[in-house]
Amino acid sequence: MWEFSVGLYMINKWPNSLLLAAVYGVVETASTAFLGPSIGQWLGRQINIFLKLWLWTQNLNLSFVVAGVAVIGLLVYSNLKCSNLAAFITLVILTNVSGAIGVLSTLAGTILIEREWVVVISEGHPPGVLTKMNSVIRRIDLTCKLFAPVVTGFIISFISLKASAMTLAIWSTVSVWLEYWLLTSVYNGILLD
């Protein structure tokens, strides 16, 4: 939901240019392209340490909270670009950096869950169980990626852009607790086996 929405928020802030949306996309993609392999290698070497660190940072969900607050600030103070350019640039930079950190955290979580946890959870079961678990996880992921822009579009179209940003910030903050609880339960279950 975040990747789709931020582009729309940036276009709203600078309606005659796609520069802010493009910069956000480049920062997010470049961080994944340049830092993603390093994260994968680091995960491979120190999985238990990184797993605990990742669970803890997911609990804080700091990157998406900071990005959400920055975007809401940009949308609430609509004339910020003209009245206080330094604050406007700071909020745009915060949004970009926080988005990049959030994407890297999501990448790490995907690697942890798909490469490590699913394999451990399916140990001792027939080989088809691993295939089935992977397909279910992939289906959930793709369904979320499909419906997130639709939900965001409805909120923007029928309520407002600000309501969309607030909904996204609240959703990220609330859902991280459920996600953290579920991931911690799986992590503790793996340790007990």
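Relative accessible area sorts residues into three classes, in which buried means under 20%, exposed means over 50%, and partly exposed covers what lies in between (1.4 Å probe, protein chains only). By this scale Arg138, at 40% relative accessibility, counts as partly exposed.

The structure discussed here is a predicted model, in which local features need pLDDT of at least 70 and side-chain atom pairs count only at pLDDT 80 or more, while totals for chains, interfaces and linings use all residues. Residues are numbered from 1 along each chain as its sequence is written, and side-chain values use heavy atoms, with hydrogens and water left out.

**Interior**

The largest nonpolar core (a set of buried Ala, Val, Leu, Ile, Met, Phe, Trp, Tyr and Cys residues joined through side-chain atoms within 4.5 Å) has 19 residues, and those with the most contacts inside it are Trp2, Tyr9, Met10, Val71, Leu74, Leu75 and Phe88. Two or more residues are given to this core by each of helix 1 (2-13), helix 2 (19-45), helix 4 (62-76), helix 6 (85-121) and helix 8 (161-192), where helices are DSSP runs (H or I, at least four residues) numbered from the N terminus. Helix 4 supplies the largest share of the core, five residues. Another core, of six residues, lies apart from it and has Ile39, Leu43, Ile111 and Leu112 among its members.

Thr95 lies in helix 6 and, at 0% relative accessibility, counts as buried. Leaving aside residues up to four places away in sequence, Thr95 touches Val6, Met10, Tyr24, Ala67, Ala70, Val71 and Leu74, a contact being heavy atoms within 4.5 Å.

**Salt bridges in helix 7**

A salt bridge is a side-chain nitrogen of Lys or Arg within 4 Å of a carboxyl oxygen of Asp or Glu, and by this rule the count comes to two.

| Pair | N to O distance | Separation in helix 7 |
|---|---|---|
| Asp141 and Arg138 | 3.1 Å | three residues |
| Lys145 and Asp141 | 3.6 Å | four residues |

Together, Arg138, Asp141 and Lys145 are linked in a network of salt bridges. Asp141 is partly exposed, with a relative accessible area of 25%, whereas Lys145, at 56% relative accessibility, counts as exposed.

**Nonpolar surface and aromatic pair**

Leu146, Phe147, Val150, Val151, Phe154, Phe158 and Ile159 make a nonpolar surface patch of about 750 Å². Patches are made of residues with over 30% relative accessible area and no salt bridge, like charges being joined within 9 Å and nonpolar side chains (Val, Leu, Ile, Met, Phe, Trp, Tyr) within 5 Å. Val150 is found in helix 7 (residues 127-158) and, at 39% relative accessibility, counts as partly exposed.

A search of the whole structure finds one aromatic pair. The rings of Phe154 and Phe158 have planes at 15° and centres 5.7 Å apart, so the pair is stacked; rings of Phe, Tyr and Trp (its six-membered ring) pair if their centres lie within 6.5 Å, and planes under 30 degrees apart count as stacked, over 60 as edge-to-face and the rest as tilted. Both Phe154 and Phe158 lie in helix 7, four residues apart, about one turn of the helix, and Phe158 is exposed, with a relative accessible area of 64%.

Methods:
Areas by Shrake-Rupley, 256 points an atom, 1.4 Å probe, with all protein chains shown as cover.
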